[in-house]
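Biologist: Could you walk me through this one? I'd like to hear what stands behind each label you use.
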Amino acid sequence: MIDINLIREDPERVRENIRKKFQHHKLPLVDEALELDARRRALQQEGDARRADRNRLAKEIGSLMKAGKREEAEEAKVRSKENNDRIAEIERESGEAEARLKTVMASIPNIIADDVPIGKDDSQNVQGEVFLEAAKKPFEVPYHLDILESLGGIDLDSARRTSGNGFYYLTGDIARLHSAVLTYARDFMIDKGFTYCIPPFMIRSDVVSGVMSFEEMEGMMYKIEGEDLYLIGTSEHSMIGRFMGQTLREGELPLTLTSYSPCFRKEKGSHGLEERGIYRIHQFEKQEMIVICKPEESDYWYEKMWRYTVELFVSMEIPVRQLICCSGDLADLKYKSCDVEAWSPRQQKYFEVGSCSNLTDAQARRLGIRYKNEKTGKNEFAHTLNNTVVAPPRMLIAFLENHLREDGSVYIPPVLRKYMGGKEKIEPKK
RNA sequence: GCAGAGAUGGCGGAGUGGUCGAACGCGCACGACUCGAAAUCGUGUUACGUAGGAAUACGUACGGGGGUUCGAAUCCCUCUCUCUGCGCCA
């Protein structure tokens, strides 16, 4: 959600931004927002004046009653009632205008960064930096599920019986590797100065509707029956929800947090679940990083954050690249975003393992996350950023494909060994 | 889960239908005093919205939502949370 003042002062800039994102159908929204804003303000002015009258009349009635002038008081009551009828009318009208304005403002995309490549959709995303050599294996790399099965690390049949498609049992060394990666990632982020946090895995509906749109909610969130609670789709939901409506002290910023949580997703609107595999599933675990900072620092943190993910993968000897999101592929709330992609030796291409976004003040404005600017003494909206540290099921695919050896064993890089009881490899099951 | 008590500014805490954005205290900011500080004294100090260049004015907000009333921090309904006791549980 952008600042309405920006539309008032420079509507052309907002329109240009919409064009850059190839959302031409949204261009009329700018004028609609201006109209609604003007109407809402006019209504507020009349409403305020009427309310001032109401307050004045109420006081008058009070003193008349005290003075025993009953008739005059009754007369004033009638006038006050008429006034109140008009107030109710204004409130209805301005409520409508307000609600529509909110919808319109929510659909107008955040202003994107100057250096975001212009492009229509994800096919026009741009490769950024590349880390480690994306090598070919001298043997054929099987599908990740086949590797998992050969290692005795997965049981999908049972999961389908107990929970349906989109769930898995991880077993033995693979389950251990899964936990090892999360634990290593947690320690990695703590070493970078982030504060570790385990958030609630369920949140109330008001928080859900704060952190996402209605469509997203329908497509992603599982609701708990009979309760006003939803399973989180990512810890970002409860981590950002934590600061809804809060005013932070400037000295507290930047808040650099890393959170662990299981993530639950319906995956309704997306490309669907894969029948074979663990690329897209209903339940997975994720280590996330969140930064809430002053506006002037968000560019700095964005760069730092995606590089942390890269550094983590490189330390596990997995080749990755940065893929810069083009304007058309950027969600409306985002100022700038990039994916970290891992190399798949089987497919001979990169695939997404994490996503880093700078939302500037768009999310903070929507959720009322402010901080007190010590210099100006004013409360201003903070900037929020989020990034995946690592989401193990998906990273496991990259891990297995890259570290598989010709003899069927899987190499464990040194950084993970202390979390794996010193093991240097996982052997195939006989 | 049941019963009772409660939720007021950055904090503590008054206030049970009008004169309450809210006493008083703490904190904080500025000033005086001081070589400097402490103490003391004085002044100021909620947020959001609208109008205005600004000073300021008006409106809204006393956990959230709804209601009664000319008028609600105060009365009613409802939700959430906290505390105490009982129950239950890892």
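Biologist: What makes the link between the side chains of Ser357 and Ser337 a polar contact?

Modeller: A polar contact is a pair of N or O atoms within 3.5 Å; within protein, one must be able to donate a hydrogen and the other to accept it, and residues adjacent in sequence count only if both atoms are side-chain atoms. The Ser357 and Ser337 side chains are joined at 3.2 Å, so the pair gets the label. Mind you, this is a predicted model: local features need pLDDT of at least 70, side-chain atom pairs count only at pLDDT 80 or more, while totals for chains, interfaces and linings use all residues. Residues are numbered from 1 along each chain as its sequence is written, chains are lettered from A and ligands numbered from 1 in the order written, and side-chain values use heavy atoms, leaving out hydrogens and water.

Biologist: Why is Ser357 called buried?

Modeller: Its relative accessibility is 1%, and buried means under 20% relative accessible area (1.4 Å probe, protein chains only). So Ser357 counts as buried. You'll find Ser357 in strand 13, residues 349-358; strands are DSSP runs of E with at least two residues, and helices are runs of H or I with at least four, numbered from the N terminus. Ser357 touches, among others, Tyr302, Lys334 and Thr384, where contact means heavy atoms within 4.5 Å.

Biologist: How do you know that helix 7 is roughly perpendicular to helix 13?

Modeller: The axes of helix 7 (residues 172-191) and helix 13 (residues 392-403) come within 10 Å and cross at roughly 110°. Angles of 65 to 115 degrees count as roughly perpendicular, so helix 7 and helix 13 earn that name. The residues where they meet divide into ten nonpolar, one polar and no charged. Among them are Leu177 and His178 in helix 7, and Phe399 in helix 13.

Biologist: What makes Ala58 one of the closest residues to RNA strand B?

Modeller: A residue is near a strand if one of its heavy atoms lies within 4 Å of it. A backbone N or O atom of Ala58 lies 2.6 Å from a base nitrogen of RNA strand B, so Ala58 is near. Altogether, 22 residues surround RNA strand B, and helix 3 gives the most, with 13 residues.

Biologist: Which part of RNA strand B do the protein's neighbours mostly belong to, sugar or phosphate, or bases?

Modeller: Of the RNA strand B atoms within 4 Å of the protein, 77% belong to sugar or phosphate. For instance, a side-chain N or O atom of Gln44 is 2.8 Å from a sugar or linking oxygen.

How values were computed. Axes fitted to C-alpha atoms, helices over the stretch in contact; angles between N-to-C directions. Parallel < 35°, antiparallel > 145°, perpendicular 65-115°, else oblique. Nonpolar A, V, L, I, M, F, W, Y, C, P; charged D, E, K, R; others polar. Buried < 20%, exposed > 50% of the residue type's maximum accessible area, 1.4 Å probe, protein only. Lists of a residue's contacts leave out its neighbours within four places in sequence.
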